[in-house]
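Welcome to a short tour of a protein model. Have the sequence and the coordinates open as you read, and follow along at your own pace.

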Amino acid sequence: MTDVEHYLHERYQAKATSSRLRRAYYAAKPMIPRPLQLALRRRYAPIQARREFPAWPIEPVLVRRQHEEMRRRLAQSGADRIPVVDFWPDGHRFCAILTHDVEGPAGVDNVRRVIEVEQRHGFVSSWNFVAKWYPIPDDLFDTVRASGCEVGLHGIRHDGKLFQDRAHFEAELPEIERYLREWDAVGFRSPATHRNAEWMSELPVLYDSSFPDTDPFEPQSGGCCSIFPFLFGDVVELPITLVQDHTLWEVLREPGIDPWIEKTRWIARHHGLVNLIVHPDYVVEQSRLDLYERFLRHLREQEGLWHALPREAARWWRERESLTVAAGPDGKPVVSGTGEFRATVAFGRERQGEIVFESDGG
């Protein structure tokens, strides 16, 4: 059986070829007018969407492996259910985080407006800013944090060079560390979601969120195939699990949010992480902001939702990694480990040919 890291670390990719194509794309990009860039992406998108692996919009390979492992454990034990540490704290069925990458001045100007929409529905979010790409008003971070949101780093420059080679990566690491410290930030998302699994553990962060679970449309296509967080050393990876807003509306020309709703339901059914990127730059039009608000209403209605900031989800997942299930004084399974007061026991079992995890043990 193929190792899980084969998928999480995108080792199925032809790295040399994809790296050359990406460098060529970013070398040519400044010379291509924006409308032509978008037209080319739209023309190529139907071909990209037919990519066999990872499948889009849902790649179930690691969910299937999780279920196969549970079937194996059930068969070995002879039991009709197996206790495990539940996926999310306090018995929640799934987790959702809202993230925003600010691309330029239009996005900076729209931050407060987007936050107001989220506040109407009881949501908070993370805001990722590029350090040296556009002016950031002195009071904006205070406004973001006063609303209950968090600030993250979206790279030093939005030029596609961070992961181009080791020299660029190592040269930017000190600046990344300095801005994270100055901004009191613990999260990172690479510009254009560029990434290199072999280097992510070197980022001086609590969490990174640069890996989609599956995305054939970005210059660095592919994905980690996971709807669950995982670790690069001490760095928690929070996969991007819904199609990006710009891709949905501008590239695929989807008129609404049906792909978000459908995949959110699938992720919730499998107890995963809903991680959505909405760029404030692309919801300036009221009609687009209304679509985002419609998604927030749908999300709020979902049973078993744990809505968290990315830093909270990352801290939980790091804590969960150290937890185990043991027999309690009365023989019943209990969670053991540091911080277990928020953790609960779930039971994996087979029902009508499918593996299900029941938080109540029923």
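## A loop residue with positive phi

Is Glu-10 buried or exposed? At a relative accessibility of 5%, Glu-10 counts as buried, because the cut-off for that class is under 20%. Please keep in mind that this is a predicted model. Glu-10 sits in the loop between helix 1 (5-8) and helix 2 (15-28). Its backbone is worth a look too: phi of Glu-10 is near 55 degrees, a positive value in a residue other than glycine.

Gln-352 also has a positive phi, of about 50 degrees, although it is not a glycine. You will find Gln-352 in the loop between strand 13 (345-351) and strand 14 (354-358). Here the surroundings are another matter: Gln-352 is exposed, with a relative accessible area of 80%.

## Two cis peptide bonds

Next, please turn to the loop between helix 3 (34-49) and helix 4 (61-77), where Pro-54 is found. The peptide bond leading from Phe-53 into Pro-54 is cis, and its omega is near -10 degrees.

Pro-57 also lies in the loop between helix 3 and helix 4. The bond from Trp-56 to Pro-57 is cis, with omega near 10 degrees.

## Helix 10 and its partners

Helix 5 (residues 105-120) packs against helix 10 (residues 286-300) at an angle of about 30 degrees, and their axes are 10 Å apart. Angles under 35 degrees count as roughly parallel, so helix 5 is roughly parallel to helix 10. The contact brings Arg-113, Val-114, Val-117, Glu-118 and Arg-120 of helix 5 together with Gln-286, Leu-289, Tyr-292, Glu-293 and Leu-296 of helix 10. By character, the residues in this contact divide into 5 nonpolar, 1 polar and 4 charged.

Helix 9 (residues 258-269) is another partner of helix 10, with an angle of about 20 degrees and axes 10 Å apart. That angle makes helix 9 roughly parallel to helix 10. The crossing of helix 9 with helix 10 is right-handed. On the helix 9 side you can pick out Asp-258, Trp-260, Ile-261, Thr-264 and Arg-265, which meet Arg-294, Phe-295, His-298 and Leu-299 in helix 10. The contact of helix 9 with helix 10 is made up of 4 nonpolar, 2 polar and 3 charged residues.

## A buried phenylalanine

Phe-163 belongs to the loop between strand 4 (150-153) and helix 7 (166-183). With 7% relative accessibility, Phe-163 counts as buried.

What does Phe-163 contact, leaving aside its neighbours within four places in sequence? Its contacts are Phe-169, Ser-190, His-194, Arg-195, Asn-196, Trp-199 and Met-200. Take Ser-190 as an example: Phe-163 and Ser-190 are 27 residues apart in sequence, and their C-alpha atoms are 8.9 Å apart in space.

## Cysteines without a partner

How many disulfides does the model hold? The count comes to 0, under a rule that asks for two cysteine sulfur atoms within 2.5 Å.

Why is Cys-149 not bonded to another cysteine? The closest cysteine sulfur, in Cys-95, is 15 Å from the sulfur of Cys-149, which is too far for a bond. Cys-149 counts as buried, at 3% relative accessibility. For Cys-225, the closest cysteine sulfur is in Cys-224 at 6.6 Å, again too far for a bond. Cys-225 also counts as buried, with a relative accessibility of 3%.

Key. Residues are numbered from 1 along each chain as its sequence is written. This is a predicted model: local features need pLDDT of at least 70, side-chain atom pairs count only at pLDDT 80 or more; totals for chains, interfaces and linings use all residues. Side-chain values use heavy atoms; hydrogens and water are left out. Axes are lines fitted to C-alpha atoms, for helices over the stretch in contact, and angles run from 0 to 180 degrees between N-to-C directions. Helices (H or I, at least four residues) and strands (E, at least two) are DSSP runs, numbered from the N terminus. Angles under 35 degrees count as roughly parallel, over 145 as roughly antiparallel, 65 to 115 as roughly perpendicular and the rest as oblique. Contact means heavy atoms within 4.5 Å. Ala, Val, Leu, Ile, Met, Phe, Trp, Tyr, Cys and Pro count as nonpolar, Asp, Glu, Lys and Arg as charged, and the others, Gly among them, as polar. Buried means under 20% relative accessible area, exposed over 50%, partly exposed in between (1.4 Å probe, protein chains only). A crossing is left-handed if the near helix is turned anticlockwise from the far one by less than a right angle, and right-handed if clockwise.
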